[in-house]
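Reader: I would like to learn how to read salt bridges, helices and an interface. Can we work through them one by one?

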Protein chains: 2
Amino acid sequence: MRYFQVDELHDIGQKIFTACGAPVEEAAVLIDELVASSLMGVDSHGVSSIGQYVQEVRDGIVVPGAPLEVMRDHGALMVVDCGFNFGIVQALKATDLLAARVRETGIACAVAERSHHVGRLGTYPQRLAEAGLIGLAFACGSTKYRRLGRVAPWGGAGGRISTNPIAYAVPNGDWPILFDMTTASIPQQKLKILQRAGKQAPAGYLIDGQGRDTQDPGAVLDGDGAILPFGGIQGHKGYGLALLAEMLSGFLPGDTFGDDVKRGRYCNAFTLITIDPEASCGRGAYEALIADYSAYIKSSPPRDPKRPVILPGELERSTMEERRRDGIPVSSEEWENIRKHAALVGVSL
Amino acid sequence: MRYFQVDELHDIGQKIFTACGAPVEEAAVLIDELVASSLMGVDSHGVSSIGQYVQEVRDGIVVPGAPLEVMRDHGALMVVDCGFNFGIVQALKATDLLAARVRETGIACAVAERSHHVGRLGTYPQRLAEAGLIGLAFACGSTKYRRLGRVAPWGGAGGRISTNPIAYAVPNGDWPILFDMTTASIPQQKLKILQRAGKQAPAGYLIDGQGRDTQDPGAVLDGDGAILPFGGIQGHKGYGLALLAEMLSGFLPGDTFGDDVKRGRYCNAFTLITIDPEASCGRGAYEALIADYSAYIKSSPPRDPKRPVILPGELERSTMEERRRDGIPVSSEEWENIRKHAALVGVSL
């Protein structure tokens with residue numbers, strides 16, 4: 001394990017992504033976001049993605065520098081074409097468009113076409129909350145190629161849905177209430193980590209191809225098993241929420257991937273919604289109510305005296321503070337992967 | 001148990017609610033919706049509510065006939081004052097306002113002030129879906145009196161949140177995909193039913209005042225225990241979603257109940273959001289994708305061969321068909337309660 005400072009990783013990413021053909025400012029935006037996710041402890045969507053993104057540029061999946069184009073603009077709803085530029089770069093542009101539009105409309109929505117992987121979904125609501133707005137985000141695997149999804153519908157034995165995340169953020173003083181979940185019991189990425197470590201998944205997360213309970217990650221990753229929707233014995237709720245994410249992100253843009261199998265496999269569909277409390281009770285009044293409610297929630301005695309009640313996003317904040325101080329851990333395997341991909345675009349680390 | 005036909009219950013409700021002072025058309029809308037919920041098997045929000053609503057009129061909590069007023073209109077977001085008319089009547093008016101507005105704006109939102117109980121939350125998204133729109137709804141106990149909420153935050157031992165429901169619907173041929181859940185493990189209403197029957201709650205739903213697991217409904221209903229957010233070992237997800245419903249419905253209208261404790265105890269806050277797929281990929285294209293995806297989901301082999309995979313809302317549809325044929329069951333206790341309250345407003349049944 002190596003520990004890196006923010007600036008160090010930023011410089012590395014900046015070099016690599018500009019070498020990939022990203023404009024200087026877009027390379028900076030992209031590595032900023034990956035480093036932020038790593039800082040917050042969301043390692044699956046942090047700097048460990050550098051290698052994958054480089055590979056996708058080399059494979060022609062990503063088109064660095066492609067503009068974001070507004071294809072339809074219907075009052076408060078915009079359909080944006082991401083042109084397969086880096087998903088994070090384009091989703092942040094879409095977020096900024098929304099943040100401007102919502103001042104006029106009270107609520108606003110961006111539906112994305114032809115988007116590459118958007119990374120940590122909570123980023124976009126978080127940015128909206130930092131602008132005093134409520135942010136909501138939904139994503140899924142690209143529609144047509146959802147057939148790669150390994151999450152079973154409730155009561156089903158076959159994978160039919162991707163691990164469709166839902167995220168939201170609400171302004172709350174100097175750090176938003178920030179929530180970002182997958183509607184599956186466990187993301188595939190974590191199953192891979194368990195498998196590599198020779199470990200079992202928690203009970204109640206997986207089934208094999210016959211629909212029987214299993215804890216073996218291989219049943220899903222190498223077999224025809226499936227991941228259950230989250231919720232335990234109330235998995236019908238996780239299933240319903242997984243479908244919500246699919247309905248809002250996967251289908252609203254239409255079937256935008258056509259027969260582009262290569263891209264379909266690596267891309268996301270996403271939809272962002274924002275609400276301006278100024279259009280309702282006023283931003284100041286809203287934030288005062290949230291502050292009051294936050295204090296009330298946190299006044300609950302904890303079940304475990306050593307673990308006080310926290311709000312969604314507080315864990316990420318404290319991880320961020322720790323890692324700013326102690327550095328961001330990158331495993332040797334991940335570091336080798338970054339070096340290898342850097343070399344492929346002529347950057348030696 | 002008695003079984004009633006739709007027309008019979010409709011006539012009964014029509015008489016009772018007009019006797020309460022509701023205008024004829026509003027009485028019809030209200031009893032229509034209660035009967036529809038009973039037909040769909042959502043008995044907790046069906047005709048069993050008649051007695052409660054009569055009582056609330058007599059207590060001055062409900063103001064029959066109060067108009068719905070648009071207090072703020074900011075492009076795609078409207079704040080509506082429900083004036084404490086029957087919650088269902090006003091929420092349906094708000095739904096119709098939204099359905100008209102969203103044709104211009106692509107996405108639209110209604111935030112409610114001074115609303116009485118809105119009944120089955122799925123009603124409003126369902127009506128939007130029947131108009132070819134996507135509907136989303138969030139509700140909670142009235143903000144200021146949320147302190148009556150008996151759901152614990154994740155990791156907490158004290159009730160802090162109400163059983164905040166989230167519902168959505170999406171057009172899908174002749175019956176929408178229709179999802180309506182509480183973010184708690186179990187609604188208080190069901191705990192009361194278990195308690196009356198001398199039964200225990202399922203394991204993992206409740207804690208006592210010391211934060212220890214319990215299955216005794218009395219620990220919550222008569223003690224200082226709490227209901228856990230839904231999600232089992234991933235209850236942090238149910239907690240996050242409960243807060244989302246609170247943030248969107250409870251706080252956007254501001255603190256609209258002031259010091260009106262009497263009303264605060266019986267009322268809901270709600271926020272509706274609708275999206276018009278016509279503003280995105282087009283309504284026809286959207287519905288074709290949903291139909292295709294629905295078939296794909298349902299093609300999953302079931303875990304239990306006797307229980308094929310269904311979409312959210314299908315169970316309610318089949319219950320509706322059964323009850324249209326066989327009648328709506330009303331227990332003797334419920335029927336006596338309806339008769340008693342009918343008599344209070346001069347209607348003898």
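Reader: How exposed is Arg317(A)?

Author: This is a predicted model. Arg317(A) is partly exposed, at 25% relative accessible area. Buried would need a value under 20%.

Reader: Which residue does Arg317(A) pair with?

Author: Start with the general idea. Side chains of opposite charge can pair when their charged atoms come close. In this case the side chain of Arg317(A) forms a salt bridge with that of Glu321(A), 3.5 Å from N to O. Glu321(A) is partly exposed too, with a relative accessible area of 43%. Both residues sit in helix H11 (residues 314–326) of chain A. They are 4 residues apart, about one turn of the helix.

Reader: What other salt bridge should I look at in chain B?

Author: Take Arg120(B) and Glu33(B), whose closest N and O atoms are 3.6 Å apart. Arg120(B) lies in the loop between strand E5 (115–116) and H5 of chain B, and Glu33(B) in helix H2 of chain B, so the pair ties together parts 87 residues apart in sequence.

Reader: Are these two residues buried or exposed?

Author: Arg120(B) counts as buried, at 4% relative accessibility. Glu33(B) is buried as well, at 7%. Another case is Asp208(B), which forms a salt bridge with Arg212(B) at 3.0 Å between the closest N and O atoms. Asp208(B) is buried, at 14% relative accessibility.

Reader: Which residues do shared salt-bridge partners join into one network?

Author: Asp174(A), Arg317(A) and Glu321(A) form that network. Over all chains the count comes to 32 salt bridges.

Reader: Now helices. How do I check the length of H2 in chain B?

Author: Compare the expected span with the model. Helix H2 of chain B covers residues 24–39, which is 16 residues. At 1.5 Å a residue it should span 22 Å, and its end C-alpha atoms are 22 Å apart, so the two agree.

Reader: Which residues of H2(B) are buried, and what covers them?

Author: Among the buried ones are Leu30(B), Ile31(B), Glu33(B), Leu34(B) and Val35(B). The cover includes helices H1 (6–19), H3 (50–58), H4 (87–105), H5 (123–130) and H11 (314–326) of chain B. It also includes strand E13 (328–330) of chain B. Look just after H2(B): Gly41(B) takes a positive phi of about 90°.

Reader: What does H3 of chain A bury?

Author: Helix H3 (residues 50–58) of chain A buries Ile50(A), Gly51(A), Tyr53(A), Val54(A), Glu56(A) and Val57(A). They pack against elements of chain A including helix H2 (24–39), helix H4 (87–105) and helix H12 (332–344). Gly60(A) follows H3(A), with a positive phi near 80°.

Reader: Last, the interface. How many residues of each chain are in contact?

Author: Begin with the counts, then the area. In contact are 87 residues of chain B and 87 residues of chain A. The buried area is about 7100 Å², with 65% of it from carbon and sulfur atoms. Tyr293(B), Tyr296(B) and Arg303(B) supply 12% of the area chain B buries against chain A, more than any other three residues.

Reader: How many salt bridges are there between chain B and chain A?

Author: The count is 2. One salt bridge links the side chains of Asp213(B) and Arg303(A), at 3.3 Å from N to O. The interface also has 48 residue pairs in polar contact. Helix H8 (residues 235–250) of chain B gives the largest share of chain B's side, 10 residues. By class, that side has 50 nonpolar, 21 polar and 16 charged residues.

How values were computed. Residues are numbered from 1 along each chain as its sequence is written. Chains are lettered from A and ligands numbered from 1 in the order in which they are written. This is a predicted model: local features need pLDDT of at least 70, side-chain atom pairs count only at pLDDT 80 or more; totals for chains, interfaces and linings use all residues. Side-chain values use heavy atoms; hydrogens and water are left out. Helices (H or I, at least four residues) and strands (E, at least two) are DSSP runs, numbered from the N terminus. The expected span of a helix is 1.5 Å times one less than its number of residues. Buried means under 20% relative accessible area, exposed over 50%, partly exposed in between (1.4 Å probe, protein chains only). Contact means heavy atoms within 4.5 Å. Buried area is the accessible area (1.4 Å probe) that two parts lose on being put together, summed over both. A salt bridge is a side-chain nitrogen of Lys or Arg within 4 Å of a carboxyl oxygen of Asp or Glu. A polar contact is a pair of N or O atoms within 3.5 Å; within protein, one must be able to donate a hydrogen and the other to accept it, and residues adjacent in sequence count only if both atoms are side-chain atoms. Ala, Val, Leu, Ile, Met, Phe, Trp, Tyr, Cys and Pro count as nonpolar, Asp, Glu, Lys and Arg as charged, and the others, Gly among them, as polar.
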